[in-house]
2 protein chains.
Amino acid sequence: MNDAYARLKDRFARIATIGECSAMLGWDASAMMPPGGGAARGEQLAVLAGVSHAMLVAPEVAEDLSAAAAEGPWDEANLALMRRAHRRATAMSADLVEAMERANSACEKVWREARPQSNFAAVRPWLEDVVRLQREMASALASATGLSPYDALMDAYQPGIAAADVEPVFAAYESFLKEALPRAEAIQAARPAPLQPQGPFPTEVQRALGRRLSERAGLDYEHARLDESAHPFCGGTPTDVRLTTRYTPDAFGQALLGILHETGHALYERGLPAPYARQPVGEAAGMAAHESQSLIIEMQAARSDAFLTWLGPELHAAFGGDAAAYSGANLGRLWRRVERGFIRTEADEITYPAHVILRFRLERALIAGDLSVADLPGAWAEGLHALLGITPPDDRRGCLQDIHWYDGNFGYFPSYTLGAMAAAQLMQAARAALPGMDGALGQGDFTPLLGWLRTSVHGKGSLLGFQDLMTAATGRPLDPSDFMDHLRARYLS
Amino acid sequence: MNDAYARLKDRFARIATIGECSAMLGWDASAMMPPGGGAARGEQLAVLAGVSHAMLVAPEVAEDLSAAAAEGPWDEANLALMRRAHRRATAMSADLVEAMERANSACEKVWREARPQSNFAAVRPWLEDVVRLQREMASALASATGLSPYDALMDAYQPGIAAADVEPVFAAYESFLKEALPRAEAIQAARPAPLQPQGPFPTEVQRALGRRLSERAGLDYEHARLDESAHPFCGGTPTDVRLTTRYTPDAFGQALLGILHETGHALYERGLPAPYARQPVGEAAGMAAHESQSLIIEMQAARSDAFLTWLGPELHAAFGGDAAAYSGANLGRLWRRVERGFIRTEADEITYPAHVILRFRLERALIAGDLSVADLPGAWAEGLHALLGITPPDDRRGCLQDIHWYDGNFGYFPSYTLGAMAAAQLMQAARAALPGMDGALGQGDFTPLLGWLRTSVHGKGSLLGFQDLMTAATGRPLDPSDFMDHLRARYLS
């Protein structure tokens, strides 16, 4: 390790530490902050983003990057990721970075009021500001990276994956959906309707159970918290992960499965390679990789027949009532129900990708300048109808439902479906490698699966790109066929 | 306003914004963070302190300070405070600043374990590290400011107040105490013992009541939160204040009066002059001024006969039981009870200054090098015995009880007693200016008092030094005689 590389490691550690501060303040803004703190919080995040950006684009970084030499795969990958981060950061002025932070914070704040009122007009000028700055950023990044503007945005979330990679996968899925969705609906309609467990389901009981389930999945609360927020997420840092969920006393599925979903994210952060903490190579391998980890826990493991059979009696012991409603088979019918709906976060596994495909197309058009913010509600309604044959009755259940765009995240959405596909592929590989895995899940035991994920995914950090990570773990780059096979097995047989 | 001053205002606003981030992360560490997050949090605060320090000592600041010109009392005071901050910051190297942050975080963490175990030996090496760095800082600040090393530390908490100002005040109080304490005890012994309200006092009821009382005192929860921590405090920022308290189900006084105490701090922050937000002149006028605001609410207003007469029925309605235990007179006997005890935060108004005088002497000796950390437990026991005639049975109730030193705050303690004295003096002035003030408190109405404090103290920010602030508000600089008069009236008549 030469001096230039040592200096870079120190600098990137400091930049990552500032990122940790922002992550904590972001969690606080969603889970704790009183409404009156919003304006100051926006400034705080903007200043931290500016400081971090300045540290990344300082003249001595370019000099050190020229002179740096690293040995061995981890440090070589780390240096390459430093170069990538520097290239992206120098493409943007400090003014643009801070302006975006401010615009995003301001828009998100207005959106929080506008969404429940279904008032797109109220947030539209703020979103126009966000889109304008995103387009400016995309264009600056495109010049610096040689990517198209939208690909340059996508690359921030899942490095190395471009729209051209996603399009054929999404086209294939759209064809699959046209045939599979009516068939799944018909099969479901021919079966008895699931029994509805009878509430109330006290929040305190849900919270304690959610915590216990996440502990069974492998989460250690010496390094974690579980709280509530309107839009559940996993934030914080690798040694202090912050999960949130949402409780309603008349149902428990959303909160508990939501906790398991966020637990999947949290386990990834907790399992990142500690010797490379705060270095680019020690970070998660992108958002599609991250989503694969939440979905392998929530969708692949927790909704499996084996796990539901174990979970049922646990739920029954916690909530009481009719035991038949808590049989594994009934929970499967409840939690694997296919339904064409308006809300992405409530969608089943089959229709979920349709929501993502819609957003992918719309955000691409917004960034390209082919769609104006004013036309977004109409384009949303048309697009959803084309994909699922339904039209949202209002914008609350349409283009106002997700925080992403209002918080300045364009290019993120494809990661959800790439992650779902990766989760199916990784689960298939884990099952092949671990003959006892499903048996363990049937005992409520995630240990074999988690061990395999620790070795095959979490502990790798960003050593490999997404496709190389998939190849190392499963023998192939991302291939949607495992996901379709999974859906066929679960919904069409 | 010339360009240089405009640039300085912008820079100081950014520095203050980074301070807000640190304040929020500090609150989180005490009120929310899981234990495993401690090490990373220490790094986060250290990096922010380093960034902030670097922004303050950058070469262009010295240039701008030479060239800056400001007009009008507020901007003139602001520029003078900028020069003061720069002088203090340039006295310290970035390495020292970060080393202190790390040592303080590490020591505080060990102290959190050592205190309940009464294990001074466990934390001693960490405290030695903290003291060593504090002495290094004190010496560097002394060279830059012309103050003595200990005065240079005090000056960070209450600018313009030195040990030489405190010594005669404390000596006068020690004389007063020698005579007043036995008399107060004799008077108390001759009265009937207070009735003890019978619990349990559910935490939920205490929390709701505490919140309602702080609202009556003028706090707006659009800009505030109330949580729990082992060591109650008021943190956060002027638009997002974070209060904490501690609940025990077998008593309610500590939690409720603690909330009112922190509310006093919070109201000060909320009332600072918004046009100078994030500027030095827009900050509170030091820690003695701050403590005067918590104590004017907790000790002067909330423990007054007038307010207790209103509060009694409110408490009885919340907790039930024997109404006689909630009469104003009985609450007065309960909450104005004089008792020689070991714990500063549980001390009554008469003995509290003795705890402060002890710490003032010990920390001065530690900084001067006249006392070693190893000898601290013994010196503590001796010193407490000389002041109050009692000896702590263990270090948990001795030198381990307060967080301050273990978190690197030396020179802070005198502010508590200066604040108590200032509170009495301000209350006397408010009473003279507002003939209806006590009548309003008797209706649970803080509005007149708060209005006077907003104008006379909060809204002044740091426009005036502490003594000038007292003179403007009361006609005199700090004068302990109002405090002694208050104690005579409350305890000796």
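In what order do the 3 strands of the open sheet in chain B stand? In this predicted model, the order in chain B is 1-3-2, and the pairing within that sheet is mixed. The edges are taken by strand 1 (224–228) and strand 2 (234–237) of chain B, each of which pairs on one side only, and from one strand to the next the twist averages 20°. Strand 1 of chain B runs parallel to strand 3 (residues 240–245) of chain B, the two being paired over 5 bridges. Within strand 3 of chain B, the residue that stands opposite B:Asp227 is B:Thr244.

Chain A also holds an open sheet of 3 strands, for which the order is 1-3-2 and the pairing is mixed. At the edges of this sheet stand strand 1 (224–228) and strand 2 (234–237) of chain A, and because each has a single partner strand, one side of each is left without a neighbour in the sheet. The twist in this sheet averages 20° from one strand to the next. Strand 2 of chain A and strand 3 (residues 240–245) of chain A run antiparallel and are joined by 4 bridges, and the connection between strand 2 and strand 3 of chain A is a hairpin through 2 residues. Two of the facing positions can be named: A:Thr237 stands opposite A:Asp240 in strand 3 of chain A, while A:Cys234 has A:Leu243, likewise in strand 3 of chain A, as its bridge partner. As a general matter, the strands of a sheet pair through backbone hydrogen bonds, in either a parallel or an antiparallel manner.

The sheet of chain A is followed here by a residue that touches part of it. According to UniProt, in an unreviewed entry, the annotation "active site" covers A:Glu262, a residue placed in helix 10 (residues 253–270) of chain A. Because its relative accessibility is 7%, which is under 20%, A:Glu262 counts as buried. When residues up to four places away in sequence are not counted, A:Glu262 touches A:Pro232, A:Phe233, A:Cys234, A:Leu243 and A:Thr244. Among these contacts are A:Cys234 and A:Leu243, which are bridge partners in the sheet of chain A.

A further annotation from the unreviewed UniProt entry, "binding site", lists A:His261, A:His265 and A:Glu291. Although these residues span 31 residues in sequence, no two of their C-alpha atoms are more than 8.9 Å apart, and they therefore gather at one spot. Of the listed residues, A:His261 lies in helix 10 of chain A, whereas A:Glu291 lies in helix 11 (residues 287–302) of chain A. A:His261 counts as buried because its relative accessibility is 12%, and A:Glu291 counts as buried because its relative accessibility is 5%. With neighbours within four places in sequence left aside, A:His261 is in contact with A:Glu291, A:Ser294, A:Leu295 and A:Glu298. A:Glu291, when residues up to four places away in sequence are not counted, touches A:His261 and A:His265, and it also touches A:Ser415, A:Tyr416 and A:Gly419.

A buried residue is also found elsewhere in chain A, in helix 18 (residues 447–456), where A:Ser456 is placed. A:Ser456 is buried because its relative accessible area is 12%. If residues up to four places away in sequence are not counted, A:Ser456 touches A:Leu469 and A:Ala473.

The two chains also meet each other. In the contact between them, 34 residues of chain B are in contact with 34 residues of chain A, and the area that chain B and chain A bury between them is about 2,700 Å², with 60% of it on carbon and sulfur atoms. Between chain B and chain A the count of salt bridges is 6. A salt bridge between the two chains is formed by the side chains of A:Arg41 and B:Asp240, at 3.7 Å from N to O. In chain B, strand 3 covers residues 240–245, and the salt bridge from A:Arg41 thus reaches B:Asp240.

Notes
Residues numbered from 1 in each chain as written. Chains lettered and ligands numbered in written order. Predicted model: local features only at pLDDT ≥ 70, side-chain atom pairs only at ≥ 80, totals over all residues. Heavy atoms only, no water. UniProt positions renumbered as here; feature names shortened; annotations may be inferred. Buried < 20%, exposed > 50% of the residue type's maximum accessible area, 1.4 Å probe, protein only. Contact = heavy atoms within 4.5 Å. Pairing = 2+ DSSP bridges. Axes fitted to C-alpha atoms, helices over the stretch in contact; angles between N-to-C directions. Buried area = accessible area lost by both parts, 1.4 Å probe. Salt bridge = Lys/Arg side-chain N within 4 Å of Asp/Glu carboxyl O.
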